[in-house]
Amino acid sequence: MFRYNPARTGGPLGATGPTGSVTEQWVVQTQSGIGYSLAVFDDTVYVGSNDGVISALAAGDGTEQWSVEADGQIGWPPAVVDDTVYVGCGDGALCALAASDGTEHWVFETGKQVAPAPAVVDDTVYIGGVGDDEGVLYALDATDGTERWSFEMGFNAYASPAVVDGTVYIGGSSAYALDAADGTEQWTHEFSYLDSATPAVADGTVYLKHGKRAWALNAADGTERWSFEPEDPMETVWIGPPAVLDETVYIGGHDTAYALTADAGTERWSFEVADSVGSSPAVTTDAVYLGGNDGAVYALATSDGTEQWRFDAGSWVSSVVVVDGTVYAGTADGAIHALTAE
């Protein structure tokens with residue numbers, strides 16, 4: 001699932017990754033570029049490409065298990081639950097595919113242009129539809145794709161919902177909290193310039209990031225707890241969602257990664273990449289992993305941001321996922337690299 005779980009925290013619980021030097025276990029070249037559409041589940045790597053193909057690869061050696069052509073670009077990662085792959089499959093549609101062979105179970109047409117990454121909780125799929133400046137959030141029956149409820153957001157939110165404790169959170173020009181059962185609005189927090197923001201929800205706080213600022217909102221009522229803006233007015237905080245683990249929030253800036261205290265948003269450390277940050281951070285207890293537009297995959301110590309290793313992937317690294325001691329990195333030229341400790 002995008003950002004590892006429905007809360008979108010970007011921190012795989014109990015996962016470990018390489019902290020010393022790494023070696024490339026395997027690399028697979030797909031036909032077209034990879035956006036944020038890399039996911040790893042149950043010894044399988046699922047990846048979508050710009051040319052509209054969703055593929056399943058063996059996590060151990062990268063061999064293709066199956067591939068399916070969609071109607072358009074696949075820019076967001078799937079959610080894999082109970083042997084079913086739920087993925088935005090082009091032109092605003094959501095497809096449910098068999099994890100074993102890619103057979104289509106059902107398709108839901110949002111009527112929009114884009115369907116970002118879904119969240120699946122308690123037999124319900126939560127997915128946004130984006131287009132015509134009128135974004136809609138849908139709740140669907142996971143078994144057959146029938147609509148349970150929908151909520152009109154009134155803006156295009158190129159963001160994925162987070163679902164925690166019976167509440168759905170999503171960010172656009174406003175941040176919304178909705179009852180997961182029926183879509184009833186619980187609270188709204190309006191922003192002056194937030195556009196699209198996938199929230200990360202942890203310990204009763206909703207973390208959002210876009211443009212030059214990051215915010216922490218009270219998950220119960222939407223009131224602001226803190227906001228963070230870099231001291232350099234030219235610095236922009238990248239639009240990818242934050243990662244949250246062990247009372248620390250990790251965000252990517254234009255060319256800088258930041259670690260902030262979760263309770264107050266004060267800076268613990270920062271690290272400048274060679275070019276600009278290309279992926280959202282993935283964090284384990286010992287390391288933060290992120291990709292750069294310079295083609296590098298970085299591993300930083302969570303304690304102080306010290307660089308632990310760097311791997312040259314050769315092209316903009318748009319997606320980084322860490323599972324079972326392996327870092328999987330997807331790049332804009334369509335390559336997938338599996339990196340393990342030497």
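The lining of the largest pocket breaks down by class into 19 nonpolar, 7 polar and 4 charged residues. Keep in mind that this is a predicted model. Besides that pocket, here's a quick look at the one disulfide that turns up in a search of the whole structure, and at an open sheet of 4 strands.

**The largest pocket**
- Its volume comes out at about 470 Å³.
- There are 30 lining residues, and Y4, A39, V40, V321 and V323 are the ones closest to the pocket's centre.
- Four strands each put at least two residues into the lining: strand 2 (38-41), strand 6 (79-81), strand 30 (317-323) and strand 31 (326-331).
- Strand 30 is the top contributor, giving 6 residues to the lining.

**The disulfide**
- C89 and C95 are the two partners, with 1.9 Å from S to S.
- The link between C89 and C95 is right-handed, at 70 degrees about the S-S bond.
- Buried means under 20% relative accessible area, so C89 counts as buried at 8%, and C95 does too at 7%.

**The open sheet**
- The strand order is 26-27-28-29, and the pairing is antiparallel.
- Strand 26 (282-283) and strand 29 (307-312) sit at the edges with a single partner strand each, so each has one side without a neighbour in the sheet.
- Strand 27 (residues 287-291) and strand 28 (residues 296-301) run antiparallel and are joined by 5 bridges.
- If you want a spot to look at in that pairing, find G291, which stands opposite V297 in strand 28.

Note on methods: Residues numbered from 1 in each chain as written. Predicted model: local features only at pLDDT ≥ 70, side-chain atom pairs only at ≥ 80, totals over all residues. Heavy atoms only, no water. Pairing = 2+ DSSP bridges. 1 Å grid on protein atoms, 1.4 Å probe; cavity = no way out; pocket = protein on both sides within 12 Å on 5 of 7 lines; lining within 4 Å. Points joined across faces, edges and corners; volume = space filled by probe spheres on them. Nonpolar A, V, L, I, M, F, W, Y, C, P; charged D, E, K, R; others polar. Disulfide = S-S within 2.5 Å. Buried < 20%, exposed > 50% of the residue type's maximum accessible area, 1.4 Å probe, protein only.
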